[in-house]
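Some terms used for a protein structure rest on set cut-offs. The questions that follow ask how such terms apply here.

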Amino acid sequence: MPRILDGNRVRDEIKSELRPRVEALAAKGRPPGLAVVLVGQDPASQIYVRNKIKTCHDLGIYSESITPPDSISTAELLAIVEGLNARPEIDGILVQLPLPRQVDAKRILLAIAPAKDVDGFHPCNVGALVAGLPAPRACTPAGIIQLLKRGGIAISGQRAVIVGRSDIVGKPAAMLLLHEHATVTICHSKTPDLPAVCREADILVAAIGRAAMLTRDFIREGATVIDVGTNYLKDREQVARIFRNSAAKLASFDQKGSVLVGDVDPIDVVERAGAYTPVPGGVGPLTIAMLMTNTVASAERRLGVC
Ligand code: NAP
């Protein structure tokens with residue numbers, strides 16, 4: 001049986017390491033502070049934001065959520081961001097994506113002070129990532145590195161193949177793996193013979209957004225497979241096909257109306273991989289843990305603790 005890289009366990013480990021750092025900051029004057037801006041009423045975004053705020057409470061990090069209406073203009077949202085940039089007790093600013101169509105999302109993300117950009121999306125922080133300088137790192141890719149390291153998976157000298165080249169996951173994950181001395185290949189929708197490239201991977205990262213796309217033909221026997229995908233299946237036949245008529249999954253679908261699956265075939269990965277991240281319970285829990293890490297590190301830098 002392959003090893004399961006348990007995201008919930010690694011998240012809890014990271015949280016318990018953050019607690020004394022938060023306490024030390026609070027003792028020095030104030031706890032770290034995170035502001036989350038959630039525009040509109042998107043239910044998925046509301047759940048993500050609620051979980052982030054809840055984790056802040058749990059760790060003793062000061063948090064506030066700002067919830068302007070869907071009709072907000074770019075200028076109004078810029079004013080909110082600039083107000084947060086100016087507040088000394090706020091160390092991290094997160095503007096939950098997606099933003100409504102009338103808002104210029106690029107302008108908003110550029111307006112966040114790089115030192116408070118705990119998502120790691122600002123071009124200054126992307127540049128710092130490329131240069132290997134300390135700065136907030138994109139949370140999901142940083143979480144992947146934690147899963148590998150804390151799961152005892154060697155990275156140095158290994159062949160890493162990443163499927164997906166988004167600014168949020170694929171590109172920063174590639175850069176972080178390169179800094180860890182992997183030999184990195186980035187694939188995308190125009191990559192010819194994707195299964196053959198993926199089969200070269202000692203570490204295969206799937207960040208595609210296509211349910212169970214990477215089947216056994218893509219996985220070298222014994223490879224480590226990191227599945228970033230979060231796809232909600234809403235078609236019962238698709239659930240039955242992907243989960244090979246699993247009674248438990250079909251019952252869950254009948255109860256909830258959807259079932260979560262990653263970008264990797266959930267049955268094939270168990271049969272082929274040496275280690276893998278389950279969905280749910282793999283990469284997902286690390287994203288919030290790394291957001292908290294970035295917020296604490298930002299407070300430490302701003303308060304001159306490190
Ligand atoms: P994205 O911006 O849509 O990027 C998807 C990437 O996959 C693109 O580079 C695209 O190639 C590539 N791709 C699409 N179809 C392909 C195909 N048939 N063959 C090869 N490559 C293909 O997505 P993302 O934001 O990176 O997210 C990817 C997945 O991760 C989604 O399911 C998302 O929900 C999930 N996610 C999870 C977390 C978490 O915390 N667990 C965080 C972030 C994202 P092109 O560039 O050529 O179009």
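Q: What makes Pro43, Arg50, Lys54 and His57 count as exposed or buried, and where on H2 are they?
A: This is a predicted model. The word exposed is kept for residues over 50% relative accessible area. Pro43, Arg50, Lys54 and His57 are exposed, and they are on the other side of H2 from its buried residues.

Q: Which residues of H2 are buried?
A: They are Ser45, Val49, Lys52, Ile53, Thr55, Cys56 and Leu59. Buried means under 20% relative accessible area.

Q: How do you know on which side of H2 the buried residues are?
A: The buried residues cover an arc of only 160 degrees around the axis, so they are on the same side of H2. An α-helix has 3.6 residues a turn, so residues three or four places apart point the same way.

Q: What do the buried residues of H2 pack against?
A: They pack against two helices, H1 (7–28) and H12 (284–302), and against the strands E2, E3 and E4. Contact here means heavy atoms within 4.5 Å.

Q: How do you know whether the span of H2 agrees with its 17 residues?
A: At 1.5 Å a residue, H2 should span 24 Å. The C-alpha atoms at its ends are 25 Å apart, which agrees. Just after H2, Gly60 has a positive phi of about 85 degrees.

Q: Why are E2 and E3 said to pair?
A: Two strands pair if there are at least two bridges between them. E2 (residues 33–37) and E3 (residues 62–66) have five bridges, in the parallel sense, so they meet the cut-off of at least two. Within this pairing, Val36 stands opposite Ser65 in E3.

Q: What do E2, H2 and E3 make together?
A: They make a β-α-β unit, and the unit is right-handed. H2 takes up residues 43–59.

Q: Why do E3 and E4 stand at the edges of the sheet?
A: The open sheet has three strands in the order E3-E2-E4, with parallel pairing. E3 and E4 (92–95) each have a single partner strand, so one side of each is left without a neighbour in the sheet. From one strand to the next, the twist averages 15 degrees.

Q: Why is Thr293 called buried or exposed?
A: The relative accessible area of Thr293 is 17%. The cut-off for buried is under 20%, so Thr293 is buried. Thr293 lies in helix H12. Leaving aside residues up to four places away in sequence, Thr293 touches Ile14 and Leu18.

Methods. Residues numbered from 1 in each chain as written. Predicted model: local features only at pLDDT ≥ 70, side-chain atom pairs only at ≥ 80, totals over all residues. Heavy atoms only, no water. Helix = DSSP H or I, 4+ residues; strand = E, 2+ residues; numbered from the N terminus. Right-handed = clockwise from strand over helix to strand, strands pointing away. Axes fitted to C-alpha atoms, helices over the stretch in contact; angles between N-to-C directions. Expected span 1.5 Å × (residues − 1). Buried < 20%, exposed > 50% of the residue type's maximum accessible area, 1.4 Å probe, protein only. Arc of directions from axis to C-beta.
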